[in-house]
Amino acid sequence: MNIKDRAAHVKRLKQDEAFNVILTEIKEDVASVFLNPHSSYEDREEAHHIVRALAKIEDRMAVILTDEAMFDKQQKRGSVPWKRLTK
């Protein structure tokens, strides 16, 4: 899948209400584990893993959108970074 297609998929996901509601619900569930003083160590560890996984997903989505922005800028300039570095 090319850069533009990947970015289009990410943009659709970020605008999808159901997807955003699900992410928000998961984050709220995880937060409740951390806020509950009776949560077990295992529950807190699992919640921590979930938080890290969600962060990785959000980071990857941001990288894909950044890649598209860089691609667009390079297309406008008609150059690519490796060509500029060799001049």
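This is a short tour of a predicted model, one selection at a time.

**Start with the whole chain**

Show the protein chain as a cartoon and colour it by secondary structure. You should find four helices and zero strands, and the order from the N terminus on is α-α-α-α. Now colour by burial: of the 87 residues in the protein chain, 15% are buried. If you like contact maps, look away from the diagonal as well. Among contacts with a separation of 6 or more, 58% join residues 24 or more positions apart.

**Select helix H1, residues 3-15**

Begin with a ruler check. The 13 residues of H1 should span 18 Å at 1.5 Å a residue, and the end C-alpha atoms are indeed 18 Å apart, so the two values agree. Next, add Asn2 as sticks. Asn2 caps the N-terminal end of H1, with a side-chain oxygen 3.0 Å from the backbone nitrogen of Lys4.

While you are here, click on His9, which also belongs to helix H1. His9 has a relative accessible area of 37%, so it counts as partly exposed. Draw a distance from the C-alpha atom of His9 to that of Ile64: the separation is 9.7 Å, although the two residues are 55 apart along the chain.

**Add H3 and look at it against H1**

Helix H3 covers residues 41-77. Repeat the ruler check: its 37 residues should span 54 Å at 1.5 Å a residue, and the end C-alpha atoms are 53 Å apart, which agrees. To see which parts of H3 are buried, select Ala47, Leu54, Met61, Ile64, Glu68 and Gln74.

Now turn the view until H1 and H3 cross in front of you. Their axes come within 9 Å and cross at roughly 135 degrees, and H1 and H3 are therefore oblique to each other. The crossing is left-handed. Show side chains where the two helices meet: on H1, the residues include Ile3, Ala7, Val10 and Leu13, and on H3 they include Met61, Ile64, Leu65 and Phe71. Charged residues take part too, among them Lys4, Arg6 and Lys11 in H1 and Asp67, Glu68 and Asp72 in H3.

**Bring in H2, residues 17-35**

First compare H2 with H1. The two pack at an angle of about 65 degrees, with their axes 5 Å apart. That makes H1 roughly perpendicular to H2. For the meeting point, select Leu13, Lys14 and Gln15 in H1 together with Glu17, Phe19 and Asn20 in H2.

Then swap H1 for H3. How do the axes of H2 and H3 cross? They come within 9 Å and cross at roughly 150 degrees, which makes H2 roughly antiparallel to H3. This crossing is left-handed. Selecting the contact residues brings up Phe19, Leu23, Ile26, Lys27, Val30, Val33 and Phe34 of H2, while the H3 side includes Ala47, Ile50, Val51, Leu54 and Met61. Ala47, Leu54 and Met61 are also among the buried residues of H3.

**Finish at Ser39**

Zoom in on the loop between helix H2 and helix H3, where you will find Ser39. Is Ser39 buried or exposed? Its relative accessibility is 11%, so Ser39 counts as buried. Turn on polar contacts and follow the side chain of Ser39 to the backbone oxygen of Val33, at 2.6 Å. Leaving out residues up to four places away in sequence, Ser39 touches Val33 and Arg44. Keep those two selected as you zoom out: Val33 of H2 and Arg44 of H3 both take part in the contact between their helices.

Conventions. Residues numbered from 1 in each chain as written. Predicted model: local features only at pLDDT ≥ 70, side-chain atom pairs only at ≥ 80, totals over all residues. Heavy atoms only, no water. Buried < 20%, exposed > 50% of the residue type's maximum accessible area, 1.4 Å probe, protein only. Polar contact = N/O pair within 3.5 Å; in protein donor to acceptor, adjacent residues only side chain to side chain. Contact = heavy atoms within 4.5 Å. Expected span 1.5 Å × (residues − 1). Axes fitted to C-alpha atoms, helices over the stretch in contact; angles between N-to-C directions. Parallel < 35°, antiparallel > 145°, perpendicular 65-115°, else oblique. Left-handed = near helix turned anticlockwise from the far one by under 90°.
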